[in-house]
Amino acid sequence: NFPVACIEEVKAVLEQNSNYKTERALDLGCATGRSSFELAKLYDHVDAVDFSVRLIEPPTNLQNNGAQRYVIQDQGDLVSYKEVKLENFDEYEAVKNKIYFMQGDACNLVEKFNDYDLVFAGNLIDRLYDPAKFLNLIKSRIRPGGLLVLTSPYTWLEEFTPKENWIGGYKADTGENYTTLEGLTDNLSPEFKLIKDPKDIPFTIRETARKYQHTLSEMTVWEKSSEK
């Protein structure tokens, strides 16, 4: 339910300010598409992009066939077979044709991914090979007055991001801690400002029937200056 909780926070921001436009949204790192379907309840058009073709196949199947089967591990070699149906989710059938699932690289987005009222990047920033490049690129893809919503547990790992490309989570030259929130602020300023206090959103990943990962992801919501 993590993607649902995230988009509920987006909905609350929109409800607090009627000036925010809700025409076009981009879901970056959309994975299997739960956040994309939730965004489609709020926005007229949703582009959903993930680096992995394998991950965007299930939501595409849901759009086209209304169902998707999958396997989960129980213990050792033992698994369970499951099926998810679009009809079991509130409003998903009504909004499915507003979503366009595509493969893409967040650090090298093609030009057609442009002109958005909102960009949502869920648990993505600390899995990119060049997060600063991504932030610099995405700034130009959002309309003036639009929103950038980021979530991340800030788990910086060199297997995903070379250490010289980390935007936080290390000691600065002054010897003081340099957090990812500070890095985001430095990379997004002055075009974007943080419009609400960061909020922790919990999520759980099931590994087996009796083993789960519990993590807190920090959500930050940034507004682009309306000045052109």
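**Entry 1: the second largest pocket**

For my purposes a pocket is an open set of grid points, on a 1 Å grid over the protein atoms alone, with protein on both sides within 12 Å along at least five of seven lines, and its lining residues have an atom within 4 Å of a point. I keep in mind throughout that I am reading a predicted model.

I looked up the second largest pocket and found that it holds about 190 Å³ of space. Its lining is made of Asn17, Asn19, Tyr20, Lys21, Asp117, Arg143, Pro144, Gly145, Gly146 and Glu223. Which element gives the most to this lining? I noted that strand β7 does, with 4 residues.

**Entry 2: salt bridges**

I then turned to the charged side chains, for which the count comes to 14 salt bridges. I looked at several of them one by one.

In one of them, Glu83 and Arg69 meet through their side chains, at 3.7 Å from N to O. This pair links distant parts of the chain, since Glu83 belongs to strand β4 and Arg69 to strand β3 (residues 67-75), with their positions 14 residues apart in the numbering. I checked how open each partner is: Glu83 is partly exposed, at a relative accessible area of 41%, while Arg69 has 67% and therefore counts as exposed.

For the salt bridge between Asp126 and Arg127, I recorded that the closest N and O atoms are 3.7 Å apart. Is Asp126 buried or exposed? Asp126 is buried, because its relative accessible area is 1% and the cut-off for buried is under 20%. Its partner Arg127 is partly exposed, with a value of 34%.

Lys211 and Glu207 form another salt bridge, and here the closest N and O atoms are 3.1 Å apart. Both were looked up for accessibility: Lys211 is partly exposed at 47%, and Glu207 is partly exposed at 26%. I also noted that salt bridges with shared partners join Glu23, Asp115, Asp117 and Arg143 into one network. Going back to my first entry, I found Asp117 and Arg143 among the residues that line the second largest pocket.

**Entry 3: two residues of helix α2**

I chose Ser36, which is found in helix α2 (residues 34-40). Ser36 has a relative accessibility of 0%, so it counts as buried. What does Ser36 touch, once its neighbours within four places in sequence are left aside? I listed contacts with Asp27, Cys30, Val46, Ala48, Ile99 and Phe101.

Leu39 also has its place in helix α2, and Leu39 is buried, with a relative accessible area of 0%. Not counting residues up to four places away in sequence, Leu39 touches Ile7, Asp27, Val46, Leu118 and Phe120. I compared the two lists and saw that Asp27 and Val46 appear in both of them. I also looked up a distance to a residue far along the chain: the C-alpha atoms of Leu39 and Val4 are separated by 9.2 Å, although the two residues are 35 residues apart in sequence.

**Entry 4: helix α5**

In helix α5 (residues 131-139) I wrote down the buried residues, which are Pro131, Phe134, Leu135, Leu137, Ile138 and Lys139. Where do they pack? I found that the buried residues of α5 pack against β1 (24-28), β6 (116-122), β7 (142-152), α6 (180-188), β10 (192-194) and β12 (211-224).

**Entry 5: a patch on the surface**

On the surface I looked at a nonpolar patch formed by Val71, Val79 and Tyr81, which together have about 320 Å² of accessible area. Tyr81 lies in strand β4 (residues 78-85), and Tyr81 counts as exposed because its relative accessibility is 67%, where the cut-off for exposed is over 50%.

**Entry 6: backbone geometry**

Last, I looked for departures from the usual backbone angles, bearing in mind that most residues other than glycine have a negative phi and most peptide bonds are trans. The peptide bond from Ser189 to Pro190 is cis, with omega near 0°, and Pro190 lies in the loop between α6 and β10.

Glu91 is not a glycine, yet its phi is positive, near 75°. I placed Glu91 in the loop between β4 and α4 (92-95) and noted that it is partly exposed, with a relative accessible area of 43%. Tyr154 likewise has a positive phi, of about 60°, and Tyr154 lies in the loop between β7 and β8 (170-171).

Key
Residues are numbered from 1 along each chain as its sequence is written. This is a predicted model: local features need pLDDT of at least 70, side-chain atom pairs count only at pLDDT 80 or more; totals for chains, interfaces and linings use all residues. Side-chain values use heavy atoms; hydrogens and water are left out. Patches are made of residues with over 30% relative accessible area and no salt bridge: like charges are joined within 9 Å, nonpolar side chains (Val, Leu, Ile, Met, Phe, Trp, Tyr) within 5 Å. Accessible areas come from the Shrake-Rupley method with a 1.4 Å probe; for residues, only the protein chains shown count as cover. A salt bridge is a side-chain nitrogen of Lys or Arg within 4 Å of a carboxyl oxygen of Asp or Glu. Buried means under 20% relative accessible area, exposed over 50%, partly exposed in between (1.4 Å probe, protein chains only). Contact means heavy atoms within 4.5 Å. On a 1 Å grid over the protein atoms alone, a cavity is a set of points where a 1.4 Å probe fits but cannot get out, and a pocket is an open set with protein on both sides within 12 Å along at least five of seven lines; lining residues have an atom within 4 Å of a point. Grid points are joined across faces, edges and corners, and a volume is the space filled by probe spheres set on the points.
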